Structures are given as C-alpha cells and as structure tokens.
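User: Could you take a close look at one part of this model for me, the way its helices pack and where charged side chains pair up? I work at the bench, so please explain the terms as you go.

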Amino acid sequence: MPRGLQRRGIERRDKMLRVAIQLFLKNGYEKTTTASIAKGAGMAPSSFFAAFESKEALLLILVKSMFSRQFESAGKIEGGSEDPLLLYSIEIALQLCIAEQSKPLRELYVTAYSLPTTSEYIYDSMAERLQRIFSGYMPEAKRKDFYEMDIATAGIMRAYMAKPCDMYFTIEDKLRRFLQSSLTLYCVPKEEQSRITDTVLKMDLRPYAEQIIQKMVEIAEAGLPLVVEEENCKSAM
C-alpha cells in the first residue's frame, strides 16, 4: 500500500474514533450508529466500514485505551508500592467509580463486558495478570483457571456496574461486596481481604475517576491519536 494512502487511512480511523467518543459520551453506545459516526467525521456512511469492521471493532480499540488509563491511574494512586493485590483492588474500584460518575461510560463498560470481542479481550488480557497476582494463593492454578475465574468476576462486575448506587446500595457497599466476592474466589485469606478492603475504602477515588473521564473528553475534543494508543496497548500486553 502506498505510504500516503496508509497515512490517510490512519487519519480517517483516528478522526472517526474521536467522533465516536464524543457521540458515545453524549448519546451512549446503543444510540450511536455507524452512520452518525461517519457523518460526524465528515464522511459518507459507507466510509465507516472502510475503517472498521463494525462498531464493536471500534469499541474494542476504545476499551483497550480505557483499561490502559485505569491501570496507569491505579499505579499512581498506589504510590509505587509493590503490593499487586492492592493495585488490582484499586483498578477494580476505579472501574466501579467511573461507572457511577458517568451514565454513558457505565453503558460503555457494561457493553464492553457483554459483547463477544470486547469481553474476550478483557478475559484474555486479565488472565495473565490475575495469575501473577494470585498464584501465591493458588499455586496449582493454571492460566486457563484464571481465565475461567475472570469470566465469573467479570460477570459480577457487569451486574454491579449496571445497577446504579442508591441510598440502600452505596458505592462503599458495592466496593466491599465486589472485593469480598472476587478475593474469596482467588483464595485470599480473610485477614488479607479485610486489610485490602479497608485500605481501598479509605481512599477518595472519585477525583481519579473524574480525571479519567476528563481525559476521554479531552481526547474527543483535542484529537489525541487513539490509533497510535491502540498500538501501544498491544505492545504493552
């Protein structure tokens, strides 16, 4: 492929990704059509499928970027400590906090945990990380085991995200219940569960969740190169 054509193709994908973020944040995933994304990018409806196989394929790129940002933010909150169990718990808590801060992002996360390609990305990418984190508690478990267990915890995560918090089920309740469920599944001793849960609940994660949301808005408004970020996500896995 000539270099100029390849570059134009990347620019077209990048532009559509930025428009898609704007529309997803405004209207949600389901109400955003491929035609509206192409139109917002100043292109014909058929141009979308020259850039992406489907709306789900576009969402996969966005999901990779979203997860990369939350992992990066969790590491900053953790303050450089070498406690992978705490880092995992903060990442989980951030996801739940983001979903509570933004209804459109709640829908994006729930959709990501539901669609075939995006959910498979989550299961597969998390399995290796889970094995590194929890192998000390489950020394005989294989990567396949952690893959299968992540399907279970992802199901709980999807259900908890889909259910907005209220006065009877606060964000603190949600975090406590999820961490208890997931850490029990991964055979973390009760005293360790209590230590981690208490530490996370003492953190004010809302500002970090808001920063991640704001970053997504800035990407949409300023046109940061998500296509390049997609390649970075692949190389980081």
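Analyst: Happy to. Let's start with H5 and helix H9 (residues 171-185), which pack at an angle of about 140 degrees with their axes 10 Å apart. The axes are lines fitted to C-alpha atoms, for helices over the stretch in contact, and angles between N-to-C directions run from 0 to 180 degrees. Helices are DSSP runs of H or I with at least four residues, strands are runs of E with at least two, and both are numbered from the N terminus.

A word on the source: this is a predicted model, where local features need pLDDT of at least 70 and side-chain atom pairs count only at pLDDT 80 or more, while totals for chains, interfaces and linings use all residues. Residues are numbered from 1 along each chain as its sequence is written, and side-chain values use heavy atoms, with hydrogens and water left out.

Back to the pair. H5 and H9 are oblique to each other, because angles under 35 degrees count as roughly parallel, over 145 as roughly antiparallel, 65 to 115 as roughly perpendicular, and the rest as oblique. Their crossing is right-handed; that is, the near helix is turned clockwise from the far one by less than a right angle, whereas anticlockwise would make a crossing left-handed.

On the H5 side, the residues meeting H9 are Leu85, Tyr88, Ser89, Ile92, Ala93, Leu96, Cys97 and Glu100. Facing them from H9 are Ile171, Lys174, Leu175, Phe178, Leu179, Ser182 and Leu183. Contact here means heavy atoms within 4.5 Å. By class, this contact has eleven nonpolar, two polar and two charged residues. In that scheme Ala, Val, Leu, Ile, Met, Phe, Trp, Tyr, Cys and Pro are nonpolar, Asp, Glu, Lys and Arg are charged, and the others, Gly among them, are polar.

H5 also packs on another helix. H5 (residues 84-101) and helix H8 (residues 143-162) make an angle of about 30 degrees, with their axes 9 Å apart, so the two are roughly parallel. The crossing of H5 and H8 is right-handed. Ile92, Gln95, Leu96 and Ala99 of H5 form this contact with Met157, Tyr160 and Met161 of H8. Six of the residues in it are nonpolar, one is polar and none is charged. Ile92 and Leu96 of H5 thus appear in the contact with H8 and also in the one with H9.

H8 in turn packs against helix H6 (residues 103-112), at an angle of about 155 degrees and with axes 9 Å apart. That makes H6 and H8 roughly antiparallel, and their crossing is left-handed. Here Arg106, Tyr109 and Val110 of H6 touch Arg158, Met161 and Ala162 of H8. This contact divides into four nonpolar, no polar and two charged residues.

Now for the charges. Side chains of opposite charge can pair when their charged atoms come close. A salt bridge is a side-chain nitrogen of Lys or Arg within 4 Å of a carboxyl oxygen of Asp or Glu, and by this rule the count comes to twelve. One of them joins the side chains of arginine 195 and aspartate 83, at 3.2 Å from N to O. Arginine 195 lies in helix H10 (residues 190-201) and aspartate 83 in the loop between helix H4 (55-78) and H5, so the pair ties together parts that are 112 residues apart in sequence.

Aspartate 83 is buried, with 17% relative accessibility, whereas arginine 195 is partly exposed at 35%. Buried means under 20% relative accessible area, exposed over 50%, and partly exposed in between, using a 1.4 Å probe and protein chains only.

Arginine 195 also forms a salt bridge with glutamate 192, the closest N and O atoms being 3.0 Å apart. Both residues lie in helix H10, three residues apart, or about one turn of the helix. Glutamate 192 is partly exposed, at 21% relative accessibility. Through shared partners, these salt bridges join Asp83, Glu192 and Arg195 into one network.

Finally, the wider setting: the protein chain has twelve helices and zero strands, and buried residues make up 48% of its 237 residues.
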